[in-house]
Amino acid sequence: KRSLSHIHGNERSTEIAMLIGQKIEILDSTLREGEQTPGVSFSVDQKIAMAKRLDAFGVDFIELGHPAVAPDVYEAVETLNDLDLNAKKMAHGRASKSDINDAVAIGVGWMGFFFGTSPLSLKHKFNVTKSEALNRIETAVKYGKDKGLKLRFTAEDASRTDLDYLIQVGQLVQKAGVDRFSLADTVGCLTPTKMKELVSRIVCELDIPVHVHCHNDFGMATANALSALEAGAQCVDVAVNGLGERCGLPPLAEVVIALTNIYKVNGNWDLGMIPKLTELVNSFSKLDPNANQPIVGKNAFTHKAGLHVKAVAIEPKSYEAISPESLHRKRHFVIDKYTGKSALNNRLNHIGISVSPKELDTILIEIKSHPEKLNWEDKQLISLTKSMGIKS
């Protein structure tokens, strides 16, 4: 037993030593993914306050938001991009010309865009073949590079993507000129061991820095993020207080304190700012601290982003690694400024309201023009449609 313990101890010491001197970067997604937390909507002024505090803390990237989501998000990304920050500023979007054009129009230097690469995503989200997906991804990368953007490409649902195909995607985007390749454990289903295996293989196959985006559905987001760094990833996505879709992302505090104290990484982080940063985001999010708890939290099976809701309505496994029914729980869809046409139309049909495509557009514009409304209940939707002269 002593010799086995000695071996494991040496392995662990080697892993920790590997991070000393390695370039480690932190991308904070509080302003983007954090706002996708059910029940959360930040004002532009609140985002400015958080961005300045995050920059002073010392994160390397700040994800500003997805401009196409809603007018107030577009405005926020514009305003945040004008701030004088040390951190790299990154817009978020789909692998589409329209989203890339938004980033170019705003003038942001970096854009992170995504495309689902798992069989579930290809079939239920995009209805494309593997080769068709490769063409769409390559076209988007080349378009973005032609526009002068620095690009991070995220393989959404990478953890459920065939490894050979994932490598093919990574090599394709690298050849097309992408600056960073990100692996998303979109439903949080990896273990630290599996994460290490995946990242180790991808790092060996690519010459560009590898990022990871971990979700906390099984409570392993922080462990997975740290395992990814041990395996050679350069950057991990975090959010203050672990905000994000469903059970959220690795909390910024957990990741940087582990890196500093366990791995002895000398990051350029002002650790003394963590309590006030936590309090600031708490005051803006007004969230029950247990809401994002894995398995049992209020948000564990709650979906907010329009793309998520659209996919889950077709195939729940798209964004659920755990069946809520197995726990005698129900999934919930939030209708707010992040809502898309499909999600809104599904909800309206559910409450017996049939609308034309033009009426749907009008209702959606009205919803997105009220970012202060955190969740449109059925009664409010009925009232809204009646005020527009739409009958159920």
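# Briefing: strands, cores and cysteines in a predicted model

Strand S4 and strand S5, which covers residues 150–156, pair in the parallel sense over seven bridges. The structure is a predicted model, and its secondary structure comes to 15 helices and 10 strands. The radius of gyration of the protein is 21 Å, close to the 21 Å that the globule rule gives for 392 residues, so the protein is as compact as a globular protein of that length.

**Strand S4 and its surroundings**

- Strand S4 covers residues 110–116, and seven of its seven residues are buried, so this strand is largely enclosed by the rest of the structure.
- In a regular strand the side chains alternate between the two faces of the sheet.
- Both faces of S4 are covered, since Trp110, Gly112, Phe114 and Gly116 are buried on one side, while Met111, Phe113 and Phe115 are buried on the other.
- As an example of the pairing between S4 and S5, the bridge partner of Met111 in S5 is Leu151.

**Strand S3 and its two parallel partners**

- Strand S3, which covers residues 88–94, runs parallel to S4, and five bridges join the two strands.
- Between S3 and S4 the chain passes through helix H4 (residues 97–106), and this β-α-β crossover is right-handed.
- Two residues of S3 can be matched with their partners in S4: the bridge partner of His92 is Gly112, and the bridge partner of Arg94 is Phe114.
- Strand S2 (residues 61–65) also pairs with S3 in the parallel sense, here over four bridges, and the bridge partner of Ile62 in S3 is Lys89.
- A right-handed β-α-β unit is made by S2, helix H3 (residues 71–81) and S3.
- Five of the seven residues of S3 are buried, so S3 is largely enclosed by the rest of the structure.

**Burial and the nonpolar cores**

- In the protein as a whole, buried residues make up 55% of the 392 residues.
- In soluble globular proteins, nonpolar side chains tend to be buried together.
- The largest nonpolar core has 96 residues, and of these Phe153, Phe181, Leu183 and Leu259 touch the most other members.
- Helix H7 (residues 163–176) gives the largest share of this core, namely seven residues.
- Apart from this core lies another one, of 14 residues, which includes Ile353, Leu360, Trp376 and Leu384.
- If its neighbours within four places in sequence are left aside, Leu183 is in contact with a list of residues that includes Ala155, Ala158, Leu166, Leu198, Val199 and Ile202.
- Among contacts in the protein between residues at least 6 apart in sequence, 75% join residues at least 24 apart.

**Cysteines**

- A disulfide is a covalent bond between the sulfur atoms of two cysteines.
- How many disulfides does a search of the whole structure find? The search finds zero disulfides.
- For Cys204, the closest cysteine sulfur is that of Cys214, and because the two sulfurs are 19 Å apart, they are too far from each other for a bond.
- For Cys235, the closest cysteine sulfur is again in Cys214, and the separation of 11 Å is likewise too far for a bond.
- The surroundings of these cysteines can be described too: Cys204 is exposed, with a relative accessible area of 66%, whereas Cys235 is buried, with a relative accessible area of 0%.

**Leu327 and the overall dimensions**

- Leu327 has its place in the loop between helix H12 (306–314) and strand S10 (332–333).
- Is Leu327 buried or partly exposed? With a relative accessible area of 36%, Leu327 is partly exposed.
- Leaving aside its neighbours within four places in sequence, Leu327 is in contact with Ile295, Phe301 and Ile322.
- Leu327 and Ile106 are 221 residues apart along the chain, and their C-alpha atoms are separated by 44 Å.
- Taken along the principal axes, the C-alpha atoms of the protein fill a box of roughly 75 × 50 × 45 Å.

Conventions: Residues numbered from 1 in each chain as written. Predicted model: local features only at pLDDT ≥ 70, side-chain atom pairs only at ≥ 80, totals over all residues. Heavy atoms only, no water. Buried < 20%, exposed > 50% of the residue type's maximum accessible area, 1.4 Å probe, protein only. Pairing = 2+ DSSP bridges. Right-handed = clockwise from strand over helix to strand, strands pointing away. Disulfide = S-S within 2.5 Å. Core = buried A, V, L, I, M, F, W, Y, C linked by side-chain atoms within 4.5 Å. Contact = heavy atoms within 4.5 Å. Rg over C-alpha atoms; globule rule 2.2 N^0.38 Å.
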